[in-house]
Amino acid sequence: MLSIQAEPAEIAQSNAYGHRSQAVTNVVGQLFGQVRIETDLSGLIDDIRHRKDKADFETYRSGISCMILLAHSMRLVEEAEIDQAVTEGWEAIYRLYHDVVAKVMGHLNEESMRVAGVGVAHNDFEPMSIEMQQNKSEGVFLVLGVFPRFSQFSLLEMDRELARAVAGCLEWTIYNGGIGIMIDDLSEAWMMMGDELDALKEVLETQGHLSNGELAEFFLENDVYPFTEISDEQESLEAHIAYLKSILINNSKSVFGELPEIAEIRRMLCGWRKSNRAIYQNPWVKFIRETIKLWKWIEKSGLKASESNLYRCNESHGDVCLDYGHVIGFGFRWEEAVVSDVYDNIAQAGENPEAIIRLHPLACSKVGERLILLAKSRGLIRLAEVINSALEAESET
């Protein structure tokens, strides 16, 4: 309650017509100049917050229920806690909802760290963000978001057989986890670059004998798309052609060939244990073992890894798919330039790598398993980064 008090005003004498203009001016000035708040505003703020929370609860009742059921399916909240909240009323349910959101986020980060095997927080490896949303047309869903990250691994100087196995595990992890994209696929899929690579491959089939400078001249003279969109200067276009050629010639497909499946990698691991102790004792074997362990977990859970259940966000939620949130490279010189170009474009567009996953009361357990798979997959990539950094540091000493 607000109380406004003013000191008594001297009443000015009226003129011949009874008008006291000065008195009115003084009173108004005193009224607005002597305001005092006698009651603490915290009660008013609490009342506003209470009404807002109740409105949110009524609006998002179905989504709140789904989030609580999701946490229950992940064994993060007991039935007794849910029953007690329901008995106590909407405020208790709303508090429980906020508690379970924090528990889900914490649990997923713990899953990642358990796989990564490091006893500290992710520091620069940010946790995945999760936001519950709902609307009449799409129902209830989670928006999953990640901070863009480029993981470049030094596989080119390794034993070729071991490197193929590690690359195969990386590819399997990001594909089945739904968390990233291989650098080769990124260069082929990303907007103009894919068109440039395809066009260059086609021209090289008939003009492969030409130097980069001669190719640049050929493109400009014949107005070859998309090269005329890149530059109208021969010298600049020549440098870009050299860059594109490095991508075509030096990539994981050209160096490693077809990457092995997990079943083949398991056989390779058994062979190293029996006859190649040098490779079997390499730190990368831990990453391979953890990948196989995740593969077995998927088989046991019955979750079909290839069916990600993740959907690309539409324009109302952000239109860069989650795969672009994590790029996996192998150490080629051109990789950083490609990733920088892609991430600069994403940043300039004000977009974030996101995906949505549907929430339904009858399918919460599958959604929970899907989220855990994402977390475990991110933990595997983190483990690979830790191993790679340790080996690089060791080689420098």
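**Salt bridges up close**

Aspartate 185 pairs up with lysine 253 in a salt bridge, and their closest N and O atoms sit 3.8 Å apart. This pair ties together distant parts of the chain: aspartate 185 belongs to helix 7 (residues 183-189) and lysine 253 to helix 12 (residues 252-256), with their positions 68 residues apart in the numbering. Keep in mind that this is a predicted model. In it, 10 salt bridges turn up, and the views here show some of them.

**View 1. A closer look at aspartate 185 and lysine 253, the two partners in a salt bridge.** Are they buried or exposed? Aspartate 185 has a relative accessibility of 31%, so it counts as partly exposed. Lysine 253 is partly exposed too, with a relative accessible area of 47%.

**View 2. Lysine 201 meets aspartate 198 in a salt bridge.** Here the closest N and O atoms are 3.8 Å apart. Both residues lie in helix 8 (residues 191-207), and they are 3 residues apart, about one turn of the helix. Lysine 201 is partly exposed at 40% relative accessibility, and aspartate 198 is partly exposed as well, at 48%.

**View 3. Arginine 61 joins glutamate 58 through a salt bridge.** How far apart are the closest N and O atoms in this pair? The answer is 2.8 Å. Arginine 61 has a relative accessible area of 40%, so it is partly exposed. Glutamate 58 is also partly exposed, with a relative accessible area of 40%.

**View 4. Glu111, Arg114 and Lys376 come together in a network.** What links these residues? Salt bridges do the job.

Conventions:
Residues are numbered from 1 along each chain as its sequence is written. This is a predicted model: local features need pLDDT of at least 70, side-chain atom pairs count only at pLDDT 80 or more; totals for chains, interfaces and linings use all residues. Side-chain values use heavy atoms; hydrogens and water are left out. A salt bridge is a side-chain nitrogen of Lys or Arg within 4 Å of a carboxyl oxygen of Asp or Glu. Buried means under 20% relative accessible area, exposed over 50%, partly exposed in between (1.4 Å probe, protein chains only). Helices (H or I, at least four residues) and strands (E, at least two) are DSSP runs, numbered from the N terminus.
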